[in-house]
Each structure stands twice: as structure tokens, then as C-alpha cells.
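Me: I work at the bench and seldom read models. Could you take me through this one, feature by feature?

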Amino acid sequence: MRIGFGDCVFDSDTREVVREGRVLPLAPKAFQLLDILLRERPKAISKERLHEELWPKTFVADANIANLVADLRGALGDDAKHPRIIRTVQRFGYAFEADTTRAPREIPEGGHAIDKLIWGDREIALREGENVLGRDGSSVAWIDTYSVSRQHARILITGEAVTLEDLDSKNGTFHNGKRVRDPVVLTDGDEIRLGTVELLYRRFQPGLSTQTARSR
């Protein structure tokens, strides 16, 4: 699901929200809250249901929802007193009220490849330059798993060159089953493991037919 509203674009596949061309550093719960409100728009969602979806079977204070909404509004440039995006429904919950449009995925110009990591049913878009992978909420690939270090590894993309490097992680980074001790070059279909988390690296070339990643 890729949806545009105001000066923002929400992308559920890459788990990113882009505002004025910049990826917002949203906390995972804030992203999940926005996902729920967008999926259910224009319906108002009760605080009770939001609690159940965001913190299932866990007791949290009522202020948690209010604080999360405030953080999300701040990131999106919304104003609680004069909301354009997230409306407070008094004594009930919240609703998404901004006008939305379908935002087609941009096709890179000049034949540049599209680089992604596949993690289960998730697709994580990689961008030119440094892509840090780890448990830190600011990581490009945020992986909240006990075996993954806060800054576990990085993928560096420089033009056509793509390399994987371990960042002194506790449980190691593995490339096609071998532990990474020095930077290694990535090619389409390579398997990456961070601790116990398995990822698949894919590189898509515009104009070429989709090929099946090689199996091992």
C-alpha cells in the first residue's frame, strides 16, 4: 500500500514514510499507528482497539496512545489544535482525515537498479550510500530481535557496487552461510543472516524481466 497525503507518502511495503523527499525516523509503534488509521480511514478508531492492536495482551497507561499520537503528528507536521491529518474524536479515539491519493512507485531514471532486502513478507528498500541494519529504531532495516545488535551490519551502495559489512555485532553477520569478517560484495539472490534473522538481498534492473533468485 502506497498512499500520498499532504506532503507525505506512506509505503507499507518498505515501511517508510517520506515527507518532502526525506524518510521520517518514525518509531515502529508510530508507524503501526499510522498504518491502522490509514487502513480504516475515514472511520474513527477507538482507543481500546488501538491498545489491542499496538500492545496486545499488555497493560499500558492511557497516556501511551496520546503520546504516540503527539509524536506522529509532530513528524507529519500536523497540529493538534487545528488537525489536518489526525483528528481527535473526544472521549473515543482518533481518525485519519486528510485527503489521500494513490502514489505510484517511482521508476528510477537512467537505468539505476532497485535494491531491496526481503524479510519474510516484508520488503525493505535500500538507498544509495550507507544502510545500517539492526535493532536501533533509526536503522534502515529495523529488526527488533534479541539476537540482533543495535547497529549490527551495513550495506553500502555506491553506484553499481553493493557491499555488506559487519559492525562488530555480538552474534555475527553471515553471507551465504559464511561469517562476514571483511566487506563482501552482494549479488542478486544472496542470503544474509544477522544473528538468527534471515534476509534475502534482491537487485531489480529496470527494463529486465524478473528472474528467480538462485536457490541453495
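Me: Where is P42 found?

Reply: Look at the loop between α1 and β5: P42 is there. Helices (H or I, at least four residues) and strands (E, at least two) are DSSP runs, numbered from the N terminus. The bond before P42 deserves a look. R41 and P42 are joined by a cis peptide bond, with omega about 0°.

Me: What kind of model is this, and how are residues numbered?

Reply: This is a predicted model, where local features need pLDDT of at least 70 and side-chain atom pairs count only at pLDDT 80 or more, while totals for chains, interfaces and linings use all residues. Residues are numbered from 1 along each chain as its sequence is written, and side-chain values use heavy atoms, with hydrogens and water left out.

Me: How do I read a sheet? In what order do the strands of the open sheet with β5 come?

Reply: Start with pairing: two strands pair if DSSP finds at least two bridges between them. Here three strands form an open sheet, ordered β5-β7-β6, with antiparallel pairing. β5 (44-46) and β6 (86-89) are the edge strands, each pairing on one side only. On average, neighbouring strands of this sheet are turned by 30° against each other, direction ignored. For such angles, axes are lines fitted to C-alpha atoms, for helices over the stretch in contact, and angles run from 0 to 180 degrees between N-to-C directions.

Me: Which helices pack on the sheet?

Reply: Contact means heavy atoms within 4.5 Å. Helix α1 (residues 28-40) touches β5, β6 and β7, and its direction makes about 65° with that of β7. Helix α2 (residues 47-54) touches β5 and β7, and its direction makes about 70° with that of β5.

Me: How many bridges join β5 to β7?

Reply: Three bridges join β5 to β7 (residues 93-96), and the two run antiparallel. Within this pair, S46 stands opposite G93.

Me: Now backbone angles. Which residue in the loop between β6 and β7 has a positive phi?

Reply: That is R91, in the loop between β6 and β7. Its phi is about 60°, although R91 is not a glycine. Check accessibility next: buried means under 20% relative accessible area, exposed over 50%, partly exposed in between (1.4 Å probe, protein chains only). R91 has 86% relative accessibility, so R91 counts as exposed. D168 also has a positive phi, about 55°, and is not a glycine. D168 lies in the loop between β14 (161-166) and β15 (173-175). D168 is exposed too, at a relative accessible area of 75%.

Me: What lies between β9 and β10?

Reply: Two residues lie between them in a hairpin, and G120 in the turn has a positive phi of about 65°. β9 and β10 (residues 122-125) pair antiparallel over four bridges. W119 stands opposite R122 in β10. β9 (residues 114-119) is also joined to β19 (residues 197-204) by five bridges, again antiparallel.

Me: Last, helices. Why do the buried residues of α3 line one face?

Reply: An α-helix has 3.6 residues a turn, so residues three or four places apart point the same way. In α3 (residues 63-76), the buried residues are I65, L68, V69, L72, R73, A75 and L76. Seen down the axis, these buried residues fall within an arc of 160°, so they line one face of α3. The arc is that of the directions from the helix axis to the C-beta atoms. D71 and G74, on the other side of α3, are exposed. G77 follows α3, with a positive phi near 80°.
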